[in-house]
Each structure stands twice: as C-alpha cells, then as structure tokens.
Amino acid sequence: MRLDQMNAWQDLGAPFFSLSNSLWALVPLEAWRRGLRVTLQPSARYTLSDGNSTFSFRQTRLTGSQADALAHLCDDKQGTREVLLKAGLPAPQGALFTDHINKAELADYAESLGFPVCIKPNNWAKARGVFPKVGNRDAVLAALDMLVDDLGAREIVVEQHIPGDTLRVFVAGGKVVGATWAEAANVTGDGANSIATLIEIKAERRRQNPHMKSSPLVLDAAMKDFLDAQGLSPESVPAEGVTVTLRAASNLAQGGDSLDVTDEISQRVAEVAIASLAAVPGLRHAGIDLLVDDFRSEAAEVYVNELNPSAGLGGHIYPGAGGRRDVAAAIVDQYFPGTRAKDEAKYWYFSLNQITRLFTSRVASEVVLEPLPLIEQPHWRTLRFEGSAGSQVQLLRNELLSRVTRGSLHGRIGPVRSGSFDLAIVGTAQQVKRAEAMARDLAGQRQCTMKPVSSRPFRTTAGFIAG
C-alpha cells in the first residue's frame, strides 16, 4: 500500500472511552445506544438484554456452553478443516501431527503434499508460529526445530501452500458485512530513499491509524533475511513506484497492511464465506479467512483457511485504505433485530475507562449501565470562561462543577489552562438556558467572562465528567 492510499482515521473513542485495546466495546456501546440493557464484567465480558432475551459475550464472541464449544472447534485448525471438507467446501489438504512429533515423518508427509507447504501450530492465533511457504525438506526440519524445540508447540498442522491473497470476510446474518484484504508488509520506492528510510516513513504513517499503530512496522533480522533472499538490503534504493515486499506472511501483526474491499469481492467469494459460516451450525457471526487467487473474479479459486468467532473489529473499523464498516451494528442485529439507535446517539458514550478502573481495583465485579439519556430535541452548548486572576478562574470552575452536577445536565468541564476553561453541556432547551444564566452570574462574581463557543454536538457521557 502506497503512502498516498493510507487512511488517517479519527479515533472513534473518547477521553473517557479509550478504544486502544478495546474495540470489542463498540458492540456493547452500539447496544446501549439502542436502549438495550448492558451489564459489563471484567475481562471484556458483558451481557446484552432487551428484557425478554439475554446474551452473553466475551469481546465479540457469544459465550455459553454451545458457543464455547463452537469457539473451541474453530480454534482447532485441523478440526475446522474436517468440518469444512465434510460440507464440501474448499480447504487446503493437510494433516495434524501431535504429541511426540516425529520430525522425519512430518517432513515425509510435507514432501508427499508437494512443496511449498504451510506449517503452523494447530491452535495458536495471530499468525504466531506460522511458516506460510516452506520450500524444501531442510526448511521443514528447520521450522520444526523452532516450533517444537524453541517455542514448545505440541500440535503441528502441515498443509498445502495456497498462493494468492489473504482475505478476512466478516459474515453475520447470512450476509457479508465487511471484507478486508491483507497485504504483506511492504514499501513503495520513490527513487530517492533507501528501504530502511521508507520503512521509517511508513511506520510513522501507521502510527496515525488507531488500529495499525499497535502493530508497528519494524526492520528486524527476519526482514533483513527476506530482503537478502531478493538480492536487496536495507540500504537499497528502489525505483519510483516499485513495491518491495518485506515479509512472506500477509499479517497485520507483522507489519502488513489492511485494505477494505467489501464492495469489490465477487459473488463467488461471498458465497464461499457465507457457506463456511453455515457449515458450523449455531455459529451466527465470524470472521472467515480465505485464500483467494483473485477476489474480484467470479472464476476465483477460493480456499477456506480459518473461522474466527472472536474476530477483531480493527481492520473493518480502521482499514489502512478503503471505507469503514459498522460490524458492531451487524453483530447486535443478529440478537436484537429491529432495534435501532437514534442518529444523535452516536455522540453518547458510557465511561469505559472509569468502569475498567472499578474492575482492576476490584471495587466491582459487574456494572449495569444506566440507560442512555432520552432528551427530546437536545440542545448542545460549549461555553468558554476566561479571567486574568488564575485563582478566581479555578474557583469559578470548582463552583460550576459543583452546581452542574446537581441537575439533569450532561457533559464535561475542562481543566484550567492559560486562564481559561470550557464547559460543554447538553440538555433540554430550558435546562441549557438556565445553566447559561447561572454560569454567567457566577462568572461575573469572579470577575471572569463567559462566551458561547459552539452549539455543535460533542462526544459526551451520561452524567458529568471533569477533564
């Protein structure tokens, strides 16, 4: 992906709703905005209820005895393959080796499949320990030395290497709601900078993406070896427009790129993804990982690689390029069809950060969220207060905070900086009008000025927060 293609997304979170490692929280947030009852628990667990039906989740995955069994099946790569093949779906041919792994026997099987092959642990996640393209017997044995002897893997899958694109298709409700194409870590030459410098430039751009910043692009020994195999080095200067691949695996965690292609995949690819979910009865939504030679073609050769009922949302919410897909809403739709959030609900959040602190300090074992405030024709106002005497400005802020928290207003009050602070409030027209009059009187008493700054909606939480 070229630099001029990369998105710079605004973080969907808020100061009191940090999404850095909590994108799963978009699911209970969506439910709360629809008026559903949300109960949060430690370890990214929560329940959603409309009073008649209640469903429990961990991150984006449904939990419960049946759901947990389905998740265990999907974690088992060999077990998943057998289910897919039984359903007549295309999956790479392969075998599972367990217990005291006979390396020579495994290498013999790899040879019988035909090189190259893919070697990976049976139940590890996020591409950990995956060798996607092993080209000969010696390389197989070297990979096994690392997996078995160094990393302690006890279950190893050997399967056909399937060339082509790696595609994550999120399926819910019998339809595709998002598709992202994973591109191996790469840089595009400009004719002037070395590969090492291009990596630094792209790494900086990735840090501007709320999702990709957690998977840095780093020039390490493995990357140098990969470049060396191409006759390149970190000091090489690729010509303008020439793309240099930096790793074999198309994986975001290893510096790869994620591009939204939801509107570009062929009907053939969509049908295989939908059928893969249907092959596991009871699985209502999941990320389907496909290997495809051309995802835009109706004649595409498609293989199902894995099913992930705990699929993350980052690639769909913050793709490196392309549009954003509201997968969280699609998940809630599966369990509470017909519910919808009002348009202005998108400005409302619950205080995830505060709730998380309650859990980590063991003050609470669960938190039932107060319902989303229902304000007919809400009025939004941001006011700025300024004064020449710092002590008077601070006193004014403290008085305002004490007064506004007693009423039915919602919003936040900022800290004093350079003799000023902002007060953002939302309520009915009458409530806001009264609050403005009260604030103006208090400001006058403290020899401070008050002026309206904005009437635009802002991100807020139920109740009042001091920032």
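## Cavity lining

In this predicted model, two elements each give at least two residues to the lining of the largest cavity: α3 (77–86) and β15 (302–308). The full lining consists of Lys77, Arg81, Ala91, Pro92, Lys120, Glu159, Val304 and Asn305. By class, that makes three nonpolar, one polar and four charged residues.

The largest cavity holds about 40 Å³ of space. The count of cavities of 30 Å³ or more is one.

## A buried salt bridge

Glu159 and Arg81 both line the largest cavity. Their side chains form a salt bridge, 2.8 Å from N to O. The pair ties together distant parts of the chain. Glu159 sits in strand β8 (residues 155–160), Arg81 in helix α3, and 78 residues separate them. Both Glu159 and Arg81 are buried.

## Salt bridges toward the surface

The whole structure has 25 salt bridges. One of them joins the side chains of Asp333 and Arg340 at 3.2 Å, N to O. Asp333 has 24% relative accessibility, so it counts as partly exposed. Arg340 counts as exposed because its relative accessibility is 56%, and the cut-off is over 50%.

Asp343 and Lys346 also pair through their side chains, at 3.8 Å, N to O. Asp343 is exposed because its relative accessible area is 58%. Lys346 has a relative accessible area of 44%, so it is partly exposed.

## A shared network

Some salt bridges share partners. Through them, Lys77, Arg81, Lys120, Glu159 and Glu306 join into one network. Lys77, Arg81, Lys120 and Glu159 are also among the residues lining the largest cavity.

Note on methods: Residues are numbered from 1 along each chain as its sequence is written. This is a predicted model: local features need pLDDT of at least 70, side-chain atom pairs count only at pLDDT 80 or more; totals for chains, interfaces and linings use all residues. Side-chain values use heavy atoms; hydrogens and water are left out. On a 1 Å grid over the protein atoms alone, a cavity is a set of points where a 1.4 Å probe fits but cannot get out, and a pocket is an open set with protein on both sides within 12 Å along at least five of seven lines; lining residues have an atom within 4 Å of a point. Grid points are joined across faces, edges and corners, and a volume is the space filled by probe spheres set on the points. Helices (H or I, at least four residues) and strands (E, at least two) are DSSP runs, numbered from the N terminus. Ala, Val, Leu, Ile, Met, Phe, Trp, Tyr, Cys and Pro count as nonpolar, Asp, Glu, Lys and Arg as charged, and the others, Gly among them, as polar. A salt bridge is a side-chain nitrogen of Lys or Arg within 4 Å of a carboxyl oxygen of Asp or Glu. Buried means under 20% relative accessible area, exposed over 50%, partly exposed in between (1.4 Å probe, protein chains only).
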